[in-house]
Amino acid sequence: MSVVREALVVLSKDLRLEWRTRAAISALILFVLSTVFLIVYSVAGEDLQPRTDAAMLWVVVVFSAAIGMGRSFVTEEEQQTATLLRLHASPGAVYTGKLLFNFLLLVTVSVLAVASFVFLLNVDVASGGLMIATVVLGALALAGATTLLSAIVSKTRAGAAVLPILLLPLLLPLLGAAVLATTAAIDGSAWSEASDHLVTLAAFAGVTIAASLLLFDQVWND
Amino acid sequence: MNRSYPYLRTAILMWVTAVIVGAFLLRIPKMSILEHTARNLYFHVPMWFTMMAGMALSAFHAVGVLARPGREHDLRSATAAQTAMLFGVLGMVTGIVWARVTWYQGTDIWWNFDPRQTFAAMSLLVYAAYFVLRSQIDDIEQRARICAVYNVFAFTTVPFLLYILPRQVTSLHPGAEGNPAFSDITDPRMRLVFYPAVIGFIALFWLLYNQRVRLGRLLAAADRTSSEHDRSLAS
Amino acid sequence: MTMASSNPDVRIVWHPVVDAEPGGDASATQGAAVAGNPPANQAATIDQAATIDQAAAIDQDAAIDPNAAIDHDAAIDQDAAIDPNAVIDPNAAIDQNAAIDQAAAIDQDAAIDPNAVRDSTAVTPYDSVWAQTGVPGQQSTGIERQLLKEDKLYTVLAVVLIIWFGIVLFILRTDRKLQRLERRVDNRSTSSSRDD
């Protein structure tokens, strides 16, 4: 099978498993909602600047990713399906499949976060298209950084618990660009102004995914 | 190495001492607010250069671990990261003190949320996470490999943090948006001390790095010979 | 870098050239700074609200010394000291020192004079003149005031010397530890081979 087909097989396996148990997605949804409610309570109806809203949005998304994504490779090791995967698919295909799965999860999480911010915190997003682009690129960059790291942490003693420590410092470029782009989306600025930040997001996604593809083999094969 | 090392050490220490003496004797342009703290330039900036060089060395040896597994590259990679962090912390300290006595004189501010400073702190956190990861894996070979992967991965984001992003945002540092570049604002006279300072600090890094590599090797050798010793006693 | 064609009568008021292109050739425009330096320009220099003046190509002070940030010289703007926005706004490129600038005489001697540590008569193109003016600011407490005397030389000296002696001591201590370890490893390996 070609790499693309193998990757799609890995993706559909993960999707099917997820659909049956809904473990990861429910944890993520609940985490996002609880955090947003905490924020709503703490803010207590005050009017926030777009920059603050954008910052909190992405902090929520990043922390959900750090906490919820750790298990994607750990479950493989635990349920001992990892060997099967190693036999049937090339490392590149495994990585791509997992990347796509994480990407879909993160898009869902981000959309949910944006929706809850819009409804609960009364954030008025002026430029919807820009917001969508930011969410998609941000989720892609986040998935790019997270997938390899979750493979790395699956080999450690503490497992998924150490993912936030590894992930958060690396996400600073992503966070900065995403917050600025989201601020522009809330403010309703033109695309040309936010294009710098979108390019940074895309570049970050590109760099992390390329590096991960090269390095994944070393982590995956004992 | 053992024969010429004491001379090298003395030479490097003398060089850096000369740099320090020169830094304080050379006349510098008088700038308001900065006054004599402008001399800090000779120390603050070379420390960051050294940190970046150290991180590059660490990533280089990490690639070496992946290409040719063994303890040597792993030891060098970890040691380079450690020493780079030391210089990074020193650079951070000099930067904070510098800001405190000049632009923040009289106020209570220690951390000024300057973007470049924050990015630099984040890269220190990245390498601190590297050491956390090292402590989390027990198998030696696996640890070497996995941490090498993280090292290389982290290093691909460092250029973003230390180079690209600071130029995009407004900041106190030269080269950021609105500020002219470093070379435009440094009096050429200062370069007389600045370049030797960079060389001196990188040489200092090499000295510390070399010491710790030898220390690591000796500790490993001590473990081996002590177990041999025990075995020979038992026989 | 000497001011070769400098006229001793021309006073250097350190202010940014209004129409300079960003990041332009520093050496070329330096001459322009001196030449285009009529006292009439002082009106422009006091205009602190000129946000249109973006990239002052030779506002070299702004780089390591964004006067706009926490400018103690601007008696008008004390709030800048605690205004976090001012910190990252070097775009307020007008040198506020110029407003109270007394103007120093040009020093033809640009050669390196290693003996002059605090020579207040030497002036370079990079200087902004602070010597004649007091630096209003908030009162600093005891040891801080002591450290900040002598134009903050003591602070820099203290930081550098503490760090430097720390590093030297650490290097020497590690070397001693290395020698001890080497001796121990050698003894162990020779003694274990002797036992056979």
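## Around Val60 of chain A

Leaving aside residues up to four places away in sequence, Val60(A) touches Val32(A), Thr35(A), Val36(A) and Ala113(A). Keep in mind that we're looking at a predicted model here. Val60(A) sits in helix H3 of chain A, which covers residues 50–68.

Take the partner Ala113(A): 53 residues separate Val60(A) and Ala113(A) in sequence, yet their C-alpha atoms are just 7.6 Å apart in space. And is Val60(A) buried or exposed? Val60(A) counts as buried because 24 other C-beta atoms lie within 10 Å, and the cut-off for that label is 20 or more.

## Where chain A meets chain B

The contact between the chains draws on 21 residues from chain A and 25 residues from chain B. On the chain A side, the elements giving two or more residues are helices H7 (128–153), H8 (163–170), H9 (172–187) and H10 (191–220).

Which of these gives the largest share? That's H10(A), with seven residues on the side of chain A that touches chain B. As for chemistry, that side of chain A splits into 15 nonpolar residues, three polar ones and three charged ones.

## A look at chain B

Chain B has seven helices and zero strands, so to speak an α-α-α-α-α-α-α pattern when you read along the sequence. Of the 235 residues in chain B, 53% are buried.

How much of the contact map in chain B comes from residues 24 or more positions apart? Among contacts with a separation of 6 or more, such pairs account for 72%.

Key: Residues numbered from 1 in each chain as written. Chains lettered and ligands numbered in written order. Predicted model: local features only at pLDDT ≥ 70, side-chain atom pairs only at ≥ 80, totals over all residues. Helix = DSSP H or I, 4+ residues; strand = E, 2+ residues; numbered from the N terminus. Buried ≥ 20, exposed ≤ 12 C-beta atoms within 10 Å, placed from the backbone. Contact = placed C-beta atoms within 7 Å. Nonpolar A, V, L, I, M, F, W, Y, C, P; charged D, E, K, R; others polar.
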